[in-house]
Structures are given as C-alpha cells and as structure tokens.
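Please look through the sequence and the model below before reading on. The explanation that follows is meant to be read with both in view.

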Amino acid sequence: MLLKPGSTVPLGGLVLPKGLVPPGSAFPAGTELPAGTVLSAPCVLPVTGAVTGQLGDLPDLLGGGLRP
C-alpha cells in the first residue's frame, strides 16, 4: 500500500525522498511517485537478490557466495 507524503512510516516501510522507486520493491525500479511517498512493508520486498538475478540469502553469502 502506498501512503501519501508526510504519513507515519509503518514498521518495515520506506520513504522515497526523491520519488523514485529503488530496485527490490513491488513496483518496477525507477517508477516515479511524489517525493516523500511512503511504501508500506508489503510493497518493500525482502532483499533476496532475485531482482538482480542472484539467488541466495545471507547464509549463502557467508557460506561462500551467491549462485548466479
């Protein structure tokens, strides 16, 4: 869920200071939204590397690296 600029940021949420959506969210990277828009936790996907084509998680990284 998107929240209007100036809204309270919920736990796990993200504020878009420049209005551009970063990689790793439910929206395509570079999507333009009003500056200060708040992405709620369901809009911010866990960083798994799937967005960048890398599969794995922290234990994989510490155990020797991510798998392409």
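The paragraphs below take up confidence, then the sheet, and then a few individual residues.

This is a predicted model, and the confidence attached to it is a sensible place to begin. The protein has an average pLDDT of 77, and 66% of its residues reach a score of at least 70. Among the elements, strand 3, which covers residues 37-39, carries the highest mean pLDDT, at 91, whereas helix 1, covering residues 58-62, carries the lowest, at 64.

The strands come next. An open sheet is formed by 3 strands, arranged in the order 1-3-2 with antiparallel pairing. Strand 1 (2-3) and strand 2 are the edge strands, and because each has a single partner strand, one side of each is left without a neighbour in the sheet. Between strand 2 and strand 3, which run antiparallel, there are 3 bridges, and L14 has L39 in strand 3 as its bridge partner.

Within strand 3 we find T37, a residue whose surroundings can be followed in some detail. T37 has a relative accessible area of 3%, and it is therefore classed as buried, since the cut-off for that class is under 20%. Setting aside residues within four places in sequence, T37 is in contact with L2, L3 and P5, and also with L14, V15 and L16. A polar atom of the T37 side chain also lies 2.5 Å from the backbone oxygen of P34.

The loop between strand 2 (14-16) and strand 3 holds G30, and V21 lies in the loop between strand 2 and strand 3 as well. Is V21 buried or exposed? With a relative accessibility of 3%, V21 counts as buried. Once residues up to four places away in sequence are left out, V21 touches L16, F27, P28, A29, G30, T31 and L33. Looking further along the chain, V21 and V44 are separated by 23 residues in sequence, while their C-alpha atoms are 9.9 Å apart in space.

G30, for its part, has a relative accessibility of 44% and so counts as partly exposed, the class that falls between the 20% limit for buried and the 50% limit for exposed. When residues up to four places away in sequence are not counted, G30 touches L20 and V21. In the case of L20, the C-alpha atom is 5.2 Å from that of G30, although the two residues are 10 apart along the chain. The contact between G30 and V21 thus links a partly exposed residue with a buried one, as the list of residues that V21 touches also records.

Note on methods: Residues numbered from 1 in each chain as written. Predicted model: local features only at pLDDT ≥ 70, side-chain atom pairs only at ≥ 80, totals over all residues. Heavy atoms only, no water. pLDDT = per-residue confidence, 0-100. Helix = DSSP H or I, 4+ residues; strand = E, 2+ residues; numbered from the N terminus. Buried < 20%, exposed > 50% of the residue type's maximum accessible area, 1.4 Å probe, protein only. Contact = heavy atoms within 4.5 Å. Polar contact = N/O pair within 3.5 Å; in protein donor to acceptor, adjacent residues only side chain to side chain. Pairing = 2+ DSSP bridges.
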